[in-house]
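Reader: I am new to this structure and would like to learn how to read its empty spaces and its ligand. Could we take them one at a time?

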Amino acid sequence: MSGRPDLRGMDVDELVRWAAELRQPPYRGRQLARWVHGHGARAFDGMTDLPASMRQQLAQRAALTCLRVLHRTTSADGSTTKYLLQCEDGSTVESVWMRYADGRRSACVSTQVGCAMACTFCATGLAGFGRNLTAGEITDQVHVMRLDQGEDPTHVVFMGMGEPLANLDATVRAVRLLNAPYGLGIGIRRITVSTVGLAPQIRRLAKLRLGCKLAVSLHAPDDDLRSQLVPINRRYPIAELMDACREYVEAVGRRLTFEYVLLDGVNDSPDHAARLAALLRGMLAHVNLIPWNPVPNLPYRRPRAERVRQFARVLRSAGIPATVRVERGTDILAACGQLREAHTPGRRPVRLAAAGAR
Ligand code: SAH
């Protein structure tokens, strides 16, 4: 990276201060915020209502993170597009755009290059951890996709590569920038952060009262099984995680989502479901079941549909609301847990269709 400060990661107050350094009045900083976070501008010279001299100064002294589209793949049903995006240092991340029949459009973003959590069923962990993404790199994933798609997302989910709460500051900053009125103004309850279950960071997040939704990846009702599937459970076992979750629910007064990936013959029996229900009893919680999405070379299978329905039935009859996540983009390896750093070789790079700011 250039060493110049990245405006893509700055909020409006910081941009106003930055403008002041260029001897510009505060409203210039607010205009800048609109360009950077509202339009997702790709360059300073497109910021037509700023004086040419200021644009020139910006080009010399500031940076503006712009991820590059290396590949774009769309699922056969047209609902899901997976992007391979390149950061300025050459590292790559994957991001996903999903369109739903009811008009919702959801951007799924990555928070790290790779992931250090090494969950045994997930593709991202296989290649290990690269580095944290900056807030600018996180929000720019949304901009690249919305400019390419020609429409804004209604929802953003932090469920791509990486562990958002292991990159807490950049994640929180990105959530705020996406929600800001000078940014895309995405409703705070339409932004979901998913975590593997880092208990101390869940507590920190509770204190921030950010207001976005939180989803916790549980995947097993007991420590023995969870430690096998989610190694970080050895550091933050279920009892400690549940304490942090209860603290979070108390602080924000909203229900939590627990994600539970269903692995055939591993964690998907009616007995597992009953024990999961017992664990969550009395909590303001909802379970989102994710039938496992295949990852080449991993020793798991997706359970049959009837087994998934049965698991959901056991939860519901114990009073725990449960839904089954609709599978999206498995044919292009864009579904949950299928994202990875390396791209499929041999595909042609695709250019941005609408690279200019709107
Ligand atoms: N690090 C965050 C975000 C990960 S992706 C977290 O752990 O929550 C979002 C969800 O997809 C997580 O619940 C994750 O466990 C799940 N997942 C990972 N691999 C999967 C796979 N192959 N099939 C289905 N879900 C998977």
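Author: Let us begin with the space inside, keeping in mind that this is a predicted model. About 500 Å³ of space lies in the largest cavity, and the structure holds 1 cavity of 30 Å³ or more.

Reader: How is such space found, and which residues lie nearest the centre of the largest cavity?

Author: The general idea is that rolling a probe the size of a water molecule over the atoms shows where empty space is left. In this case 30 residues line the largest cavity, and F121, C122, M159, S217 and G337 are the ones nearest its centre. The elements that contribute two or more residues to that lining are β8 and β10. Sorted by class, the lining of the largest cavity consists of 16 nonpolar, 11 polar and 3 charged residues.

Reader: Where does the ligand sit, and which residues come nearest to the ligand?

Author: The ligand sits in the largest cavity. There are 19 residues around the ligand, and those that come nearest are S194, S217, H219, N293 and G337. Two strands, β8 (191-195) and β10 (256-262), each give at least two residues to this shell, whose make-up by class is 10 nonpolar, 7 polar and 2 charged residues.

Reader: Which atoms of the protein should I look at for contacts with a nitrogen atom of the ligand?

Author: For a polar contact, one looks for a pair of N or O atoms within 3.5 Å. In the side chain of E163, an N or O atom is 2.9 Å from a nitrogen atom of the ligand, and a polar side-chain atom of W292 lies 3.0 Å from a nitrogen atom of the ligand. The backbone takes part as well, since a polar backbone atom of T195 is 3.4 Å from an oxygen atom of the ligand. As for cover, the ligand taken alone exposes 530 Å², and the protein buries 96% of that.

Reader: How much space lies in the largest pocket, and which strand supplies the largest share of its lining?

Author: The largest pocket holds about 940 Å³ of space. It is lined by 34 residues, with Y100, R104, M159, N288 and R325 the closest to its centre. Strands that each supply at least two residues of this lining include β3 (92-99), β4 (105-108), β7 (155-158) and β9 (213-217), while the largest share, 4 residues, comes from β11. By class, the lining of the largest pocket divides into 17 nonpolar, 8 polar and 9 charged residues.

Technical notes:
Residues numbered from 1 in each chain as written. Predicted model: local features only at pLDDT ≥ 70, side-chain atom pairs only at ≥ 80, totals over all residues. Heavy atoms only, no water. Near = heavy atom within 4 Å. Polar contact = N/O pair within 3.5 Å; in protein donor to acceptor, adjacent residues only side chain to side chain. Areas by Shrake-Rupley, 256 points an atom, 1.4 Å probe, with all protein chains shown as cover. 1 Å grid on protein atoms, 1.4 Å probe; cavity = no way out; pocket = protein on both sides within 12 Å on 5 of 7 lines; lining within 4 Å. Sits in = over half its atoms within 2 Å of the grid points. Nonpolar A, V, L, I, M, F, W, Y, C, P; charged D, E, K, R; others polar. Points joined across faces, edges and corners; volume = space filled by probe spheres on them.
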